[in-house]
Amino acid sequence: MKEWVEEDGRVLTCAEVAPGHGCIEVLAPGLAARALPGQFAMARSGTRFLARPLSFFDIDPGRGVVAFLVRAAGEGTRALLCLRPGDGLGLAGPFGNGFPLVSGGTLLLVAGGVGVAPFPPVVRRATAAGTGVRVVLGARTAALLLATAQLRDAGAEVVTCTEDGSGGVRGTVSDALPGVLRDLLAGAPGGCAFACGPPAMLVAVARLCEEAGVPLYVSLEARMGCGFGVCRGCAVPAAAGGYLHVCQDGPVFPARAADLGGVARLWEHAGDGDGGGCA
């Protein structure tokens, strides 16, 4: 018996939250009852475009509502961000394995751009389990720092970085991360880290966490047509050779399981994606 559902969601809100980015809130009780932090749904509006994989940005089983943070990277995602309240949105999911639950200690989250999408539900679950959460969030400019209010409201301490210095630390998350890791290890040895963002960022974060001895899980983005292992379009190179499939094996992997350098090279050749979040 399949564990995922197909559901005709109804758009409650669809609003721009930053230049080129929007948040879509959808009434979808079936998905809201099943989804876990880090999993994703396939979202389809109309018949012109294939469904797009979107990480759950909010999961509210009590209201029967889920939300998605979307970057307008192509025609398909731009069409999603043109939805209006009352419109229908075809959804299927939840897919993937999500992030592991960390109880106690300190959890470090590292995000670049729209890669922050899966993290608000992660923060809420972790803080409810008694885990302190620190987030390092990077973007090109302050206007593109996403979800800082949601992360802080959920109980996380947030360090922001911008390439132009307009918000927080000037530079990338890789510039801020060594100091944060030193504080993390000094305050709570044995911490754990999750990361989601551009593949080149994940390579740098994996190196820094490896040097600090902090276990790291990464959430990978990939193009896919189905979400459940039929199209095989989301293959990424595995560290042990061969391939992993983001939809079934991920989207969350122990960093050592994936060949992150190979994933980065794959994206360099493929060009920009068309998705929201990291699934």
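This is a short dialogue on reading disulfides and salt bridges in a predicted model.

Student: What should I know about the model before reading it?

Tutor: The model is predicted: local features need pLDDT of at least 70, side-chain atom pairs count only at pLDDT 80 or more, and totals for chains, interfaces and linings use all residues. Residues are numbered from 1 along each chain as its sequence is written, and side-chain values use heavy atoms, with hydrogens and water left out.

Student: How many disulfides does the structure hold?

Tutor: A disulfide is a covalent bond between the sulfur atoms of two cysteines. Here the term requires a pair of cysteine sulfur atoms within 2.5 Å. The structure has zero. For Cys23, the nearest cysteine sulfur belongs to Cys14, 8.2 Å away.

Student: Why is Cys82 not bonded to Cys14?

Tutor: Because their sulfurs are 7.7 Å apart, too far for a bond.

Student: Which of the two is buried and which exposed, Cys23 or Cys82?

Tutor: Buried means under 20% relative accessible area, exposed over 50%, and partly exposed in between (1.4 Å probe, protein chains only). Cys23 is buried at 16%, whereas Cys82 is exposed at 51%.

Student: How many salt bridges are there?

Tutor: Side chains of opposite charge can pair when their charged atoms come close. The rule asks for a side-chain nitrogen of Lys or Arg within 4 Å of a carboxyl oxygen of Asp or Glu. The count is six. One of them joins Arg124 to Asp58, with the closest N and O atoms 2.8 Å apart. Those partners are 66 residues apart in the chain. Glu25, Asp60 and Arg63 are linked in a salt-bridge network.

Technical notes. Helices (H or I, at least four residues) and strands (E, at least two) are DSSP runs, numbered from the N terminus.
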